[in-house]
Amino acid sequence: MGHRLDDVSAPARLAAPDEGIGRDELALATRNHGLPLEALRYDITPPGLHYVLTHYDIPYVPDDTEWQLTVGGLVRRPLRLTPADLRAFPRVTTRVTLECAGNGRALLTPRPVSQPWLVEAVGTADWTGVPLRLLLEEAGVEPGAVDVVFTGADHGVERGVEQDYQRALPIGTATGTEPEVLVAYAMNGAPLPPQHGRPLRLVVPGWYGMAHVKWLREVTVTDTAFEGFQQSVAYRLRQHPGDAGEPVTRIVPRALLVPPGFPDFMSRTRVVRPGPLPLEGRAWSGRAPVTRVEVSADAGRTWQEAELEPAAGHRWAWRHWRSTWTATPGEHTLTARATDADGHTQPLAQPWNRGGFAVNLVQRVPVRCLDEDAHG
Ligand SMILES: Nc1nc2c(c(=O)[nH]1)N[C@H]1C(S)=C(S)[C@@H](COP(=O)(O)O)O[C@H]1N2
Ligand SMILES: [Mo]
């Protein structure tokens, strides 16, 4: 076995000062790819460009006819459903921007050692499925329900704890309509790709990625609060290892820029020519609709209001924004920040937490503007 059961009391590791990204983090980063930022141009992220995060292995599901989803626990009529059974229920399609709770983690000092996201753990898709509340209605939730636990088919060990990937939602969220939680079987009109949860996954619009359980095989209504690893050990906002911490839930606001100009291969610094330069990007929040995006070309000393495109009815999807900047020769840093209807915005200096969760520090994009006469 080789793992110590007392490892669970060991907190996730913090990198030592000046410690580079390790082989363990590199291994995670090559499995769990981000959105290439130029793909922020698309309303709906093309297949394969959406970010991916999987804690353990992607289950092998060559044929979904054998798959069974059970709905049980504190219900009057336990259900056993195949994906075909689910397709007979009323279907809903919701456009959802999904973001990993660890997005931005690798920018923290000290760095929590885990999947080393910079800003790219995001993507937007049209998810089609059955509203979870209809399945729970069909099963008949008994009085006294507290949580609904979702179990994936993937299995692994994390800090000494062997587990199926499991997360829970409060019963009110699971049966609610704002957002409406889906058991999804299609992404952008096609069956779910293996890495995104084939054949079934949960979609919880507005919540960070960890809530959207992939390879969903079990829905269990409980009369006590769920205290599994991914609920009460991982995904908590903590300053110290011993803190109970606040749970990570909904997505805090963020704006990202479509990278302007063209990149330097190694540094990824953007190279542009002098003159007016259109800037564009996306902004989202799972808390309240984004109401404002501002852009700065001087690292946040002065801000200019960007033009925000209408939401077009997609409450849970990112919004497009645009602005213009007049580039002058030299080195610059472009920044954008989003604000939502509740007044939440993005910090210029990041408050730190041990897991590196919900880090929405403003994006900083280094730009080198060439001299007038420079050419490729
Ligand atoms: N079963 C299962 N579901 C899971 C995970 C997992 O490892 N196993 N990872 C979660 C996390 S942390 C994220 S960010 C999202 C990522 O979804 P995506 O890979 O479809 O973008 O899936 C969530 N659902
Ligand atoms: Mo995540």
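Here's a quick briefing on how this protein is divided up, how its two domains meet, and a few backbone details to look out for.

This is a predicted model. The chain splits into domain 1, residues 23-247, and domain 2, residues 254-374. Going by C-alpha atoms, the centres of domain 1 and domain 2 are 28 Å apart.

**What the record says**

- UniProt has an unreviewed entry here, and its annotation "domain: Oxidoreductase molybdopterin-binding" takes in residues 56-229.
- In the model, residues 56-229 are 38% strand and 10% helix, and 14 Å lies between the C-alpha atoms at the two ends of that span.
- A second annotation from the unreviewed UniProt entry, "domain: Moybdenum cofactor oxidoreductase dimerisation", runs over residues 275-367.
- For residues 275-367 the helix content is 0% and the strand content 49%, with the end C-alpha atoms 13 Å from each other.

**Where the two domains meet**

- On the domain 1 side 38 residues make contact, and on the domain 2 side 23 residues do.
- Together, domain 1 and domain 2 bury about 2900 Å² between them, and carbon and sulfur atoms account for 61% of that area.
- Look for Leu-40, Arg-95 and Leu-108: these three give 20% of the area domain 1 buries against domain 2, more than any other three residues.
- Three salt bridges are counted between domain 1 and domain 2.
- Arg-41 and Glu-280 pair up in a salt bridge, with 3.7 Å between their closest N and O atoms.
- You'll also find 16 residue pairs in polar contact between domain 1 and domain 2, counting pairs with both residues at pLDDT 80 or more.
- As for strands, β3 (92-99), β4 (122-131) and β11 (236-237) each bring at least two residues to the side of domain 1 that touches domain 2.
- The largest share of that side, five residues, belongs to β3.
- By type, the domain 1 residues touching domain 2 are a mix of 17 nonpolar, twelve polar and nine charged.

**Backbone details to spot**

- Between Glu-178 and Pro-179 the peptide bond is cis, and its omega is near 10°.
- To find Pro-179, go to the loop that links α4 (171-174) with β7 (182-187).
- Arg-198 and Pro-199 are also joined by a cis peptide bond, this one with omega about 5°.
- Pro-199 sits in the loop between β8 (190-191) and β9 (201-203).
- Arg-159 isn't a glycine, yet its phi is positive, near 45°.
- You can locate Arg-159 in the loop from β5 (147-158) to β6 (161-170).

Notes: Residues numbered from 1 in each chain as written. Chains lettered and ligands numbered in written order. Predicted model: local features only at pLDDT ≥ 70, side-chain atom pairs only at ≥ 80, totals over all residues. Heavy atoms only, no water. Domains from an automatic or database assignment. Contact = heavy atoms within 4.5 Å. Buried area = accessible area lost by both parts, 1.4 Å probe. Salt bridge = Lys/Arg side-chain N within 4 Å of Asp/Glu carboxyl O. Polar contact = N/O pair within 3.5 Å; in protein donor to acceptor, adjacent residues only side chain to side chain. Helix = DSSP H or I, 4+ residues; strand = E, 2+ residues; numbered from the N terminus. Nonpolar A, V, L, I, M, F, W, Y, C, P; charged D, E, K, R; others polar. UniProt positions renumbered as here; feature names shortened; annotations may be inferred.
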